[in-house]
Amino acid sequence: MALIAALLPKEADRLALGAAAPGHRTAWARNWRDLDQLVKREPVVAVVADLHAERGKDGVLRVYRFSRRYPLTPILVWGHLTGRDLLRLGKAGATDVVLDEEMANVGLVAERVADATGDSLADEVDRRLAAVVGPEARELVRLAGTRIPAGVQVPDLASSHGVSVSTLERRCEQWGLPTPGHLLLWLRILYGLHWLLEPGRSVESVGRQLGYSSGAAFRRAIKVTVGGRPTPLRNRQGLLTALDAFIAACPGDPAAVGEGR
Amino acid sequence: MARYDRIARIEPPPRSHAFPAWLVFRDLEGREREPELSRRARLRFLVLRCLQRAAGGGERRPEPDSVAQQVAAAQHRVADLPAGDREREALSRCLDRASALTPVAIADAALTGGAGCERNGHGHAAEEFHLTALQVAETHDLREQRLVALLSLGRVCGARGDPGRARTYLESAVALAEAERDLGVLGDALRELAVTLAGAGDPEGGRSVAAAAGGGIPKAYQDRVDGLRAAAVCALEVAAGRLEAGLQAGWRAVELLSFRDPLVSRVLLDVASAFRRLGLREAAESCYRAVTRSAAREELRRAARIEYAVVAAEAGDPAAFRERRKTLLEAAASEDGHGAATIQIGLGRGAMLIDDLDDARSHLRLALAAARGAGLGDAVPVIEELLSDLERRADRALRVVVTPATDGARSIAARFASVGREQVASV
């Protein structure tokens, strides 16, 4: 269940989004500034915005600024869009659009929302894990990853997997994964570093989104797991280093890897 | 809103970084406030999104009902275009085919849409349609559609001044046409590739490509393959300004190819252009008459009719020009916006050449109205430039620089004139 930040002043549009994305939570913004703050404050995975949400404001310019501040957060632009709007939106970095004649098409809007809420980091983690653990372990990690933005804890993970905490611990050991607690710690760090690639986010805001009491607590967690401070890790190479360290921290299960293939 | 547009200054993203089908809007760049162009670009976008979604396979296979709903919404918008509008018919046909949800229907629909955009001068939209067709054709191993998509992409990229990509597509088209033994596409692709290389300052490369082409085709087709090679060399040499060499290659192509071969009309147009630049008006007119009578494609017949009139103006023969203009104007009445604009531009050029400035202005204004009404992409700037030249009395750019013809060129001209007469008599 992902968190979507939405700037949709019209009730009909809100209902259309709700119908197309029933499995997701939505945080409603009042205006473009509020939308920006929401993304900074909350673990938002995608944004949906009506281009004409604020009268007299150049919506495309707002999209452009947003995509510069949050280049990894997809922005799906919604509304009555002319050819000129669409030309400018492509340049401004909009991830995709939903035109007014498409809004009533629930299947189509659901596909666009699904594309926007896709988890590229989960795909990357899964690709690397395929070399060390089996399919069941990868499934568990993917499930845990999708719930990191929602602040998942070990009991929640066990429950959503349909087992007790102690069974989950045993399975993690059998499958060559770190303990559930360590797994979630690693995933929080990885998602945190992924979000920190966006200039609009700060260590403080990301730390809070991940459930740490402060930015300092998040810094300490990074130091304990990856080593070093977060700032030098605020680049693609830093995230790749952390991913390597996570894979190295997995005991692995060579037999299951062979079976999985 | 700011009086200047900050977004306009941003470099356009590559296709892979923009949202699907965004490329169609690049045809609006610099003219994005023209409402008709904007509306039509948006319609092309809607149609392309239907095609691309319908083509989705595997995990991305959409619900057929949802695609049908999307197609119906797009059809509704397309129906806002005036009745009888060619683009309305073409887009509507695309959508009908897309709703069949089969790869062949989707690829064919995308190729049809691309051809329409190319004709109307919307190069980026044409590219996006053809890329969609290519992707579907490659995914489902549809060789015929893949071949046409590669050739079309090469042509579109070449026309837009991107010889690097044009060359890549055309080389693939030549290789695939050889493998499939499709001599029709091989001839077209080879000609385009040779001209592209000549335009990029590599005529030697073009000659080498033409010489090496068709190696895998059985010996039984050798004459036709040699004819295709000669047609490519003719186009290349004329484009490179080596007119006599172009005429020799053109004559060889005409000898080797059947007059029913569609490529012959192109050869005759290339050769006619060379004759004009050598001051051999009669031979050029003979070629234009032959194309007018025998070309299978309406575009080629129209081009020949227009140039047949303009060549008279160029030779300082106002009476012949006016006579031919009358025939052209009768034809223009039944043409769509694109055809009418093309004819009026030609007549405008001709009238400027005989210093009939009022008529020239009138033709160009009619051309502008037709082009705007049909939302043509590349015609409007051309007409505006001609009108500006007209007001500045700057018609020199229209005049062909004539190089004195050699005896060799005159001898080939005589042969073409005789072939033209025979061919005309046989039609």
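Here is a short walk through the model, stop by stop.

**Before you click**

This is a predicted model, in which local features need pLDDT of at least 70, side-chain atom pairs count only at pLDDT 80 or more, and totals for chains, interfaces and linings use all residues. Residues are numbered from 1 along each chain as its sequence is written, chains are lettered from A and ligands numbered from 1 in the order in which they are written, and side-chain values use heavy atoms, with hydrogens and water left out.

The predictor gives the complex an ipTM of 0.86 and a pTM of 0.87. Colour chain B by pLDDT (the predictor's confidence in each residue, from 0 to 100): the mean is 89, and 95% of the residues of chain B reach 70 or more. Among the elements of chain B, helix H5 (residues 123-139) has the highest mean, 96, and helix H19 (residues 407-426) the lowest, 74. Helices (H or I, at least four residues) and strands (E, at least two) are DSSP runs, numbered from the N terminus.

**Stop 1: the sheet in chain A**

Show chain A as a cartoon and look for an open sheet of five strands in the order E2-E1-E3-E4-E5, with parallel pairing. Its edges are strand E2 (25-28) and strand E5 (96-99) of chain A, each pairing on one side only. Neighbouring strands here are turned by 25° against each other on average, direction ignored; axes are lines fitted to C-alpha atoms, for helices over the stretch in contact, and angles run from 0 to 180 degrees between N-to-C directions.

Two strands pair if DSSP finds at least two bridges between them. Select residues 44-50 and 75-79 of chain A: these are E3 and E4, parallel over four bridges. A:Ala49 has A:Val77 in E4(A) as its bridge partner. Four bridges also join E4(A) to E5(A), again in parallel, and A:Trp78 stands opposite A:Val98 in E5(A).

Which way do the side chains of E5(A) point? A:Asp96 and A:Val98 go one way, A:Val97 and A:Leu99 the other, and all are buried (under 20% relative accessible area; exposed is over 50%, partly exposed in between, with a 1.4 Å probe and protein chains only).

**Stop 2: helix H2 of chain A**

Now pick residues 32-41 of chain A, where the buried residues are A:Trp32, A:Asp34, A:Leu35, A:Asp36, A:Leu38 and A:Val39. Their cover includes E1, E2, E3, E4 and helices H3 (59-69) and H11 (203-209) of chain A. At the start of H2(A), a side-chain oxygen of A:Asn31 comes to within 3.2 Å of the backbone nitrogen of A:Arg33.

**Stop 3: B:Gln145**

Jump to chain B and select B:Gln145, in helix H6 (residues 143-159). Buried or exposed? B:Gln145 counts as buried because its relative accessibility is 9%. Leaving aside neighbours within four places in sequence, its contacts (heavy atoms within 4.5 Å) are B:Val104, B:Ala107, B:Asp108, B:Leu111 and B:Ala137. With the side chain of B:Asp108, the side chain of B:Gln145 makes a polar contact at 3.1 Å (N or O atoms within 3.5 Å; within protein, one must be able to donate a hydrogen and the other to accept it, and residues adjacent in sequence count only if both atoms are side-chain atoms).

**Stop 4: the cysteines**

The structure holds zero disulfides over all chains (a disulfide is a pair of cysteine sulfur atoms within 2.5 Å). Try A:Cys172: the closest cysteine sulfur, in A:Cys250, is 9.7 Å away, so too far for a bond. B:Cys157 has its closest cysteine sulfur in B:Cys117, 14 Å off and also too far.
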